[in-house]
Each structure stands twice: as structure tokens, then as C-alpha cells.
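Reader: I would like a close look at one helix of this model, with enough of its surroundings to place it. Please start from what it packs against and work outwards.

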Amino acid sequence: MANRRNFPRQSPASLSESFTRFAELECQGMSDLYYRLSLGIAADNDLLELAIQAKSGQPRPNLFFAAVQRLLMDEPDHPLAAFYPHISGGSAPHGGPLPEDPAPAFRVFCLERQQALTGLLANRMVQTNVVRRCARILPAFAYVNRLGLGGTLFLIEIGASAGLNMLLDRYGYDYGEGRVYGNRLSPVQISSTFRGSQRPVIPGAIPDLADRIGVDLNPVELNDPEETQWLKALVWPERRDELGLLEAALKVASEHPPRVVKGDALDLLPGLIDAVPGDQVPCLIHSHVLNQFPREARVMFWSLVENRGVNRNLAVISMEGVREGEHAAEEVTYFRDGARTNLRLANSDSHGYWVEWLVE
Ligand SMILES: C[S@@+](CC[C@H](N)C(=O)[O-])C[C@H]1O[C@@H](n2cnc3c(N)ncnc32)[C@H](O)[C@@H]1O
């Protein structure tokens with residue numbers, strides 16, 4: 001098992017490149033704060049020495065920023081918090097360029113809290129549970145449902161984090177153009193848009209799920225306030241809308257707790273698939289998870305799926321990044337009577353702000 005998660009150790013020089021790439025590909029246009037801080041960290045050996053303490057295999061820039069934000073949440077009066085208005089209570093949400101350079105306050109904050117930061121970096125993981133991604137899951141799920149694979153779909157989410165996206169049928173959706181779906185009275189109302197000329201077929205009422213279960217190396221314990229604070233710390237400071245969705249989904253989850261089992265998906269999946277009753281169809285989903293698998297683990301995952309697909313109908317909805325920082329894609333791989341079909345359903349923004357549907 002250890003081999004599967006054996007990532008090569010990163011050197012400070014390569015970590016510096018990671019931060020520069022992160023700034024240019026992921027932050028530019030999305031977060032001026034993280035853009036400027038990332039470029040600053042890339043050129044700062046002291047901060048690189050700190051960031052390198054992040055657990056290997058994790059996207060280190062994301063983990064580092066979340067750890068800093070988590071500590072800052074307890075110190076809303078610190079000068080750095082002025083750059084995080086949702087923490088300081090400031091009114092103007094960032095969006096455009098910052099009026100001041102955040103790097104000096106960030107540096108001081110980090111270097112004065114090295115021990116606390118190192119503790120978070122060594123023990124925490126990037127487990128963002130992005131609720132708006134349900135806007136990407138919904139059309140893919142409706143597509144798989146329409147395939148008629150021989151039973152009601154049983155959702156199995158790999159890398160479910162807190163399991164909030166398994167509650168997709170409890171949320172409301174508005175894609176504009178009058179395309180509204182799901183529960184319009186839910187506290188979780190997800191907005192997104194369709195791009196391009198194709199539109200997916202989605203029934204007004206979300207198709208029934210036979211059941212749902214998630215698996216995660218480290219399920220987020222929803223009853224533990226420290227765990228939910230960590231989930232919030234993973235949300236980028238500018239994305240207040242995302243924070244609002246997360247808080248609303250946590251409320252729904254407190255009434256309908258999603259079941260997420262702890263363990264490595266590669267160990268648990270065979271048993272989870274086999275436990276699905278014969279008159280139901282396993283519908284696996286993984287969303288921004290396989291990038292945390294070493295290459296050989298990805299190969300093992302697909303051979304495990306193929307192995308099961310020979311003997312029963314099943315589907316896998318894959319939602320992963322395509323090119324770093326650019327866009328993501330939804331693919332479906334399904335097995336019907338042993339025959340495998342794979343197709344790209346959509347391109348999308350990784351956080352679900354838009355979906356470009358590609359098929360009839
Ligand atoms: C970036 S989060 C994505 C969470 C969620 N799927 C979403 O899109 O909002 C990735 C999750 O995958 C989990 N994970 C990574 N490797 C795993 C493995 N081998 N087995 C189970 N879970 C894994 C992590 O613990 C983390 O919670």
C-alpha cells in the first residue's frame with residue numbers, strides 16, 4: 001500500500017517552480033492575492049523551506065495557503081487578515097488587483113508561526129469539497145441514468161472528502177436560460193451556465209439514487225468543528241460564494257449525513273462494488289482525486305474497474321483537470337454486457353462555474 005502513495009521528494013528549486021506555475025496557471029485572473037503571494041513564495045527560501053514540509057503527494061501550494069488561512073481564521077485582527085476580508089470582517093471582497101502588497105505581512109505571519117504551520121502541513125490534506133461541482137455532476141449523472149444500464153444507480157464516490165457532493169439530489173440548480181432543476185427550496189442553490197451549442201437532457205426532478213456511499217483516505221468528520229474549519233480554510237479567499245455554498249451544504253449534511261468510509265479506494269472499492277445489489281448499477285464518480293494518485297495507482301484503479309465491468313454493468317463518471325489551471329472535463333466510461341465505452345461528455349471550469357456539453 002505504501003508504494004502506491006510513494007511520491008518522489010521535491011527539491012526547493014522544483015517547489016519554487018511549482019509556486020510559479022501555480023501563480024501563472026491557477027491564480028491569474030482568479031485570485032490576485034494568491035497570485036502575488038505565490039510569486040513571492042517562489043522567490044523566498046525561508047517560505048519555501050516551510051512549504052516543503054507539506055505532506056508529499058499533496059498539491060503543496062494549495063496545502064500551504066490553506067494552512068495559513070486556517071491559522072489566520074483564529075487571528076482576525078492580524079494585519080494579514082486585511083487581505084482576507086471574510087476573516088477581518090472587511091466589506092470589500094477582493095476580485096481585482098490588490099491596492100497593497102500582501103507579501104510582507106504574509107511573510108511575517110508565516111515565519112512567526114512556523115511550528116503551528118508545520119503541524120498543519122504535515123497532517124492535513126487538500127480535501128476541498130467544492131459543492132458547485134455538482135453542477136458538473138448533475139448532467140453527467142442524468143446521462144448515465146438515461147443509458148439504462150439495468151437498474152437504479154448506486155453512487156460510489158472515490159475521494160469524497162466530506163461527502164457533500166453525494167447529496168446532489170438535495171440541491172437546487174440554475175444554469176440560466178430558464179434551466180432550473182432539483183430542489184428549489186434547498187438551502188443549497190447552485191448557479192452555473194452552459195457554454196457552446198449543445199444542452200444536456202436533465203429531467204426537472206433529479207433521478208432517484210438507489211443509495212450512495214463515499215470512500216476517502218481521510219473522511220472529513222462533519223461533527224468536528226476543527227474539521228469543518230479546515231474545509232473552509234481550503235476555500236480561496238475571493239470565493240465568498242463558494243464559502244456560502246459550503247456552509248449551506250454543511251447544514252444539509254447535518255440533517256442527511258453522507259456515509260463516507262475511511263480507507264484507500266484501491267483497497268475498498270472491490271468490496272463496495274460487489275456489495276451493490278444485482279438489480280442496481282454501481283455508478284462510480286471521482287472528482288479531482290486521481291491527481292492525488294501516483295501513476296501506478298491510477299493504472300490499478302482502472303484495471304480494478306475493468307475487472308468488475310467484465311461481470312456486471314457499471315459506469316464511472318470521471319471529473320478531473322485536463323491541463324493544469326485551464327479547464328476540466330467530464331468523461332463517462334461504462335460497461336454494458338462486458339463491452340466498454342468511453343466518451344467525453346463535457347469540458348468545464350474545474351469549480352463548476354460553466355459547463356460545455358459535448359454530446360447529444
Ligand atoms: C481535492 S479533494 C476532492 C474532493 C471532492 N471529490 C470534490 O471534488 O469536491 C480529493 C480527495 O481525495 C481523497 N483521496 C486521495 N487519494 C485517495 C485514495 N487513494 N483513496 C481514497 N481517497 C483518496 C483525499 O483524501 C481528498 O479528500
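**Helix H9 and its surroundings**

Author: Helix H9 turns its buried residues towards two other helices, H4 and H10 (240-255). The model is a predicted one, and everything below describes that prediction. H9 itself runs over residues 225-233. Its buried members are Glu227, Thr228, Trp230, Leu231 and Ala233.

Just ahead of the helix sits aspartate 224, which caps the N-terminal end of H9. One of the side-chain oxygens of aspartate 224 lies 2.9 Å from the backbone nitrogen of glutamate 226.

Glutamate 227 deserves a separate look. Is this acidic residue of H9 buried or exposed? Glutamate 227 counts as buried because its relative accessibility is 14%, and the cut-off for buried is under 20%. Its side chain makes a polar contact with the side chain of arginine 124, at 3.1 Å. With neighbours within four places in sequence left aside, the contacts of glutamate 227 are Arg124, Pro219, Val220 and Glu221.

H4 leads on to a second group of helices. It spans residues 60-72 and is one of the helices against which the buried residues of H2 pack. The others are H1 (12-27), H3 (45-51) and H6 (103-112). H2 covers residues 32-42, and its buried residues are Asp32, Leu33, Tyr34, Leu37, Ser38, Ile41 and Ala42.

Tyrosine 34, within H2, is a useful example. Its relative accessible area is 2%, so tyrosine 34 is buried. Not counting residues up to four places away in sequence, tyrosine 34 touches Cys27, Phe65, Gln69, Tyr84, Trp236 and Pro237. Tyrosine 34 is 293 residues from histidine 327 in sequence, and their C-alpha atoms are 19 Å apart in space.

Next comes the ligand. What surrounds it, and which residues are closest? The shell holds 21 residues, with Gln127, Val130, Arg133, Asp216 and Ser287 as the closest. Sorted by class, the shell has seven nonpolar, 10 polar and four charged residues. Three N or O pairings can be given. A backbone N or O atom of threonine 128 lies 3.1 Å from a ligand oxygen. The side chain of asparagine 129 places an N or O atom 3.0 Å from an oxygen of the ligand. A ligand nitrogen is 3.2 Å from an N or O atom in the side chain of glutamate 157. Taken alone the ligand has 600 Å² of accessible area, and the protein covers 97% of it.

Two residues in the loop between S1 and S2 come next. Alanine 160 sits in this loop, which joins strand S1 (152-158) to strand S2 (172-174). Alanine 160 counts as buried because its relative accessibility is 0%. Beyond four places in sequence, the contacts of alanine 160 are Asn129, Gly214, Val215, Asp216 and Val260. Alanine 43 is 117 residues from alanine 160 along the chain, with 35 Å between their C-alpha atoms.

Serine 161 lies in the same S1 to S2 loop. Most residues other than glycine have a negative phi. Serine 161 instead has a positive phi, near 60°. It is buried, because its relative accessible area is 4%.

Aspartate 337 also has a positive phi, near 50°. It lies in the loop between strand S10 (328-336) and strand S11 (339-348). Its relative accessibility is 71%, so aspartate 337 counts as exposed.

Last, the protein as a whole. It has 12 helices and 12 strands. The C-alpha trace spans about 60 × 50 × 40 Å along its principal axes. The radius of gyration is 21 Å, which agrees with the value near 21 Å that a compact globule of 360 residues would have. Buried residues make up 54% of the 360. Of the contacts between residues at least 6 apart in sequence, 71% join residues at least 24 apart. The protein exposes about 15200 Å², and carbon and sulfur atoms supply 48% of that area.

Technical notes:
Residues are numbered from 1 along each chain as its sequence is written. This is a predicted model: local features need pLDDT of at least 70, side-chain atom pairs count only at pLDDT 80 or more; totals for chains, interfaces and linings use all residues. Side-chain values use heavy atoms; hydrogens and water are left out. A residue is near a molecule or strand if one of its heavy atoms lies within 4 Å of it. A polar contact is a pair of N or O atoms within 3.5 Å; within protein, one must be able to donate a hydrogen and the other to accept it, and residues adjacent in sequence count only if both atoms are side-chain atoms. Accessible areas come from the Shrake-Rupley method with a 1.4 Å probe; for residues, only the protein chains shown count as cover. Ala, Val, Leu, Ile, Met, Phe, Trp, Tyr, Cys and Pro count as nonpolar, Asp, Glu, Lys and Arg as charged, and the others, Gly among them, as polar. Helices (H or I, at least four residues) and strands (E, at least two) are DSSP runs, numbered from the N terminus. The radius of gyration is taken over C-alpha atoms; the globule rule is 2.2 Å times the number of residues to the power 0.38. Buried means under 20% relative accessible area, exposed over 50%, partly exposed in between (1.4 Å probe, protein chains only). Contact means heavy atoms within 4.5 Å.
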